[in-house]
Amino acid sequence: MGRGKVELKRIENKINRQVTFAKRRNGLLKKAYELSILCDAEVALIIFSNRGKLYEFSSSNSIADILERYNRCTYGALEPGQTEIETQRNYQEYLKLKAKVEVLQHSQRHFLGEDLGDLGSEELEQLERQLDFSLKKIRSLKMEHMVEQLSKLERKEEMLLETNRNLRRKLDENASTLRSTWETGEQSVPCNLQHPRFLEPLQCTTSMQISYNVPADLTHENIATTTSAPSGFIPDWML
């Protein structure tokens, strides 16, 4: 029956974690030794436990020789005017910065609630105080942002209210101007207007009278003698 696949995750149980570390460390050192013998390879292996204990393996007489060769391959040839001492100093600075980065990453995992099994009660209390301090600072900054946003909204509201008041004032002024103009126009129109003469009803009688300006010396006889119809007929109304 084959061996089951092991899930790669951190072992929470401290004893099981230490046992697994010892077994796999010895297996890794054995594999490094076999690789250097079988393949004639130059192998260097460095292991630090979670408690800071060092385990190393080197196929040569000294692991420093392999590290020096590693530095030459990594940083290349020395630049003009640069000595080996300066290169070694730069490498030491690189190691220090790398160690700081690892410490920061380890602290970040603690803040995220990870890798807390190795911490004691004092370390946990210190971590709790740091988290409380950070939480208070975050809440204080959040409150400042909220107050600032509230102040901006209040100023914006006041500006909108002022704009609304100005628009209402202009609307009232326009309405008052239109009202006064309308009243002035009504007063300029006369109120005693009469109907035109041509609209008055005609005063008529049942009998029609036609008059002419007849000279005083003109009589019916003169009219009869001076005026005659073509047919010798004189209308009755001329008699």
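**The largest pocket and the hairpin that lines it**

In this predicted model, the largest pocket lies between domain 1 (14-78) and domain 2 (79-118), because both domains give residues to its lining. The volume of this pocket is about 990 Å³. Its lining is made up of 25 residues, and those closest to the pocket centre are Ile46, Phe48, Ser49, Lys98 and Glu102. By residue class, the lining of the largest pocket comprises 12 nonpolar, 8 charged and 5 polar residues.

Several elements of secondary structure take part in this lining. At least two residues are supplied by each of strand E1 (44-48), strand E2 (54-58), helix H2 (63-75) and helix H3 (84-111). The greatest contribution to the lining of the largest pocket is that of H3, which provides 9 residues.

The two strands that contribute to the lining are also paired with each other. E1 and E2 run in the antiparallel sense and are connected through 5 bridges; within this pairing, Ile46 has Glu56 of E2 as its bridge partner. Together E1 and E2 form a hairpin in which 5 residues separate the strands. In the turn of this hairpin, Gly52 adopts a positive phi of about 90 degrees.

The side chains of a regular strand alternate between the two faces of the sheet. Such an alternation is found along E2. Tyr55 and Phe57 point to one face and are buried, whereas Leu54, Glu56 and Ser58 point to the other face and are not buried. Glu56, the bridge partner of Ile46, thus belongs to the face of E2 whose listed side chains are not buried.

Conventions. Residues numbered from 1 in each chain as written. Predicted model: local features only at pLDDT ≥ 70, side-chain atom pairs only at ≥ 80, totals over all residues. Heavy atoms only, no water. 1 Å grid on protein atoms, 1.4 Å probe; cavity = no way out; pocket = protein on both sides within 12 Å on 5 of 7 lines; lining within 4 Å. Points joined across faces, edges and corners; volume = space filled by probe spheres on them. Helix = DSSP H or I, 4+ residues; strand = E, 2+ residues; numbered from the N terminus. Nonpolar A, V, L, I, M, F, W, Y, C, P; charged D, E, K, R; others polar. Domains from an automatic or database assignment. Buried < 20%, exposed > 50% of the residue type's maximum accessible area, 1.4 Å probe, protein only. Pairing = 2+ DSSP bridges.
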